[in-house]
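Trainee: Could you take me through one part of this model in detail? I'd like a close look at the place where the domains meet, and a quick word on the ligand if there's room.

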Amino acid sequence: MPITFETSGFEFVSGDMDVPVAAVERGIAPAGLESAGVDEVLLKANEFEAKPGQKLVTSTGGQATVLIGLGDDEATRASIRERAASMYGAVSSLESVSSALVVESADAVGAQSALESAIEGVLLASYRFEELKGSPKDPAALSRVVLSVPDGVDTDAAVERASGVASGVALARDLVNRPGGTLRAADLAAAAVAAVEGSAVDIEVWDVERIREERLGGLLAVNAGSVHEPRLIKWSWRPDGAERTIVLVGKGITFDTGGLSLKPGEGMMNMKTDMGGAAAVVGTAAAIAAVAPNCNVIGIACCTDNQPGPTALMPGDVFTARNGKTVEVLNTDAEGRLVLADGLSLAAEMEPDAIVDLATLTGACVVALGMDIAGLMGNDDDLVEKVEEAAAAASEQVWHLPLPDKYRKQLDSDVADLKNIGAGRWGGTLTAGLFLQEFVDEHPWVHLDIAGPAATEEASEVCPKGGTGFGVRTLLELVSEF
Ligand code: BES
Ligand code: MN
Ligand code: ZN
């Protein structure tokens, strides 16, 4: 059910609202709640201290009232988003809710961005993937959210921007959640085309003939074992007067069996999510008009499945990548870097000011950083810092890892310019990063290894199990500040 957002003047909780949600600050809670008719004794009995995210469902004057703690710390956009998501979780079975969350947190982050963050939180929390369920669960009832705001807020602008961002994230989640047999490269490309239709984003999709003409040797090598054609998706946002250009590149392996270097069953189970990088790049395309950055943004997604079979790439095979470098493939399961080699080469040819790639690239990154944190590597301190800041603003966690020169020789091949794996399993995330670096031609570049956070096995208030849309909000933050 679509949710409409309305705002009302600055009133803590007004009587005509159907379901007041009082967002309270620690310390001032009892006093601030008197006007909402919440009994202090009840708060004490329930040990409600307004700790961050703490919830208490009660009723005042015949209406449900949900108290959500905001804690002592100054509000941030992330905390507002999270509290709004908690609110959604508490009231989604009701039809309408009104909340003071925005006025309560407007001082800290500005009213406009407090409102945007709250709307984003509600919409992100309301995402469900039910397109493959025979009988979908009862849909949530919540269809109206009234947010009290201080004067001077542009509600329509906030709704448009936050809805745009949330729909980009939802698209990325959908794409990650779709099974490999449902979402082939051509389906991923069709979804991207549909997502930008009617917007100011231009898009082209290269089919296998065009991919051959363009000499995308890495994408063709990975695709060799598949009966399904590869696709390269290329979209662009080019506002008038833009001076700077950033290129986003995503790994779009719609299913990763490992190829002839076949994965064991256990390791293959979640490999429908191996297009999480491409999903982030496509999700960003879907949202970019709502954010309307004033730099040029180009998105490239390199899409194919990775399959074994009589025509598949064999260990020891050598291909020539788009930039002319030859690569000896010793393990066909290290395929993401092969398709990215071409994507990054294309990006570098555009002589951009920055390149950012996203890829579910290495299991080693999940070993190092766990499920929630992306590995970040790059060749330019300034761009590294910008991406770190964007990720922090989006509350998507990243951690800077090195690209040690010393390890580069592990990629030396006896027969070609490079081989596609390091000497052993140690430092597998870093040798993968060093491999990618061979294709960016000294342009400022950051690589995000999102093997962990692209999907989650644990539901949170902002995201159910499955695809997370990780990267979309970081990229949108990055391009809007670029
Ligand atoms: N798609 C995988 C990486 C991955 C693993 C993503 C676990 C999410 C969860 C990637 O293509 C891969 O198979 N990488 C190999 C590289 C190795 C062969 C050098 C890996 O990590 O084992
Ligand atoms: Mn693989
Ligand atoms: Zn893969």
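Mentor: Before we start, the domain bounds here come from an automatic or database domain assignment. On that basis, the protein chain splits into domain 1, residues 3-150, and domain 2, residues 163-481. Keep in mind that this is a predicted model.

Let's begin with the overall layout. Taken over C-alpha atoms, the centres of domain 1 and domain 2 sit 36 Å apart. Where they touch, domain 1 puts in 15 residues and domain 2 puts in 18 residues. Between them, the two domains bury about 1,500 Å², and 56% of that is on carbon and sulfur atoms. If you want somewhere to point your viewer on the domain 1 side, try Arg81, Leu124 and Tyr127: this trio accounts for 39% of the area that domain 1 buries against domain 2, more than any other three residues.

Now for the polar side of things. Four salt bridges are counted between domain 1 and domain 2. Take a look at Arg473 and Glu120, which form a salt bridge with their closest N and O atoms 3.9 Å apart. A salt bridge is counted within 4 Å, so at 3.9 Å the Arg473 and Glu120 pair makes the cut. Polar contacts across the interface come to 10 residue pairs, with both partners at pLDDT 80 or more.

Which helices carry the domain 1 face? Both α3 (77-91) and α5 (111-125) supply at least two residues each to the side that touches domain 2. With five residues, α3 gives the most to that side. By residue type, the domain 1 face divides into eight nonpolar, six charged and one polar.

And since you asked about the ligand, here's the quick word. There are 15 residues around ligand 1, and those that come nearest are Lys263, Asp274, Asp333, Glu335 and Gly363. One of them, Glu335, has a side-chain N or O atom 2.8 Å from an oxygen atom of ligand 1. Lys251 also places a polar side-chain atom 3.1 Å from an oxygen atom of the ligand. Thr360 works through its backbone instead, with a polar atom there 3.3 Å from a nitrogen atom of ligand 1.

Methods:
Residues are numbered from 1 along each chain as its sequence is written. Chains are lettered from A and ligands numbered from 1 in the order in which they are written. This is a predicted model: local features need pLDDT of at least 70, side-chain atom pairs count only at pLDDT 80 or more; totals for chains, interfaces and linings use all residues. Side-chain values use heavy atoms; hydrogens and water are left out. Contact means heavy atoms within 4.5 Å. Buried area is the accessible area (1.4 Å probe) that two parts lose on being put together, summed over both. A salt bridge is a side-chain nitrogen of Lys or Arg within 4 Å of a carboxyl oxygen of Asp or Glu. A polar contact is a pair of N or O atoms within 3.5 Å; within protein, one must be able to donate a hydrogen and the other to accept it, and residues adjacent in sequence count only if both atoms are side-chain atoms. Helices (H or I, at least four residues) and strands (E, at least two) are DSSP runs, numbered from the N terminus. Ala, Val, Leu, Ile, Met, Phe, Trp, Tyr, Cys and Pro count as nonpolar, Asp, Glu, Lys and Arg as charged, and the others, Gly among them, as polar. A residue is near a molecule or strand if one of its heavy atoms lies within 4 Å of it.
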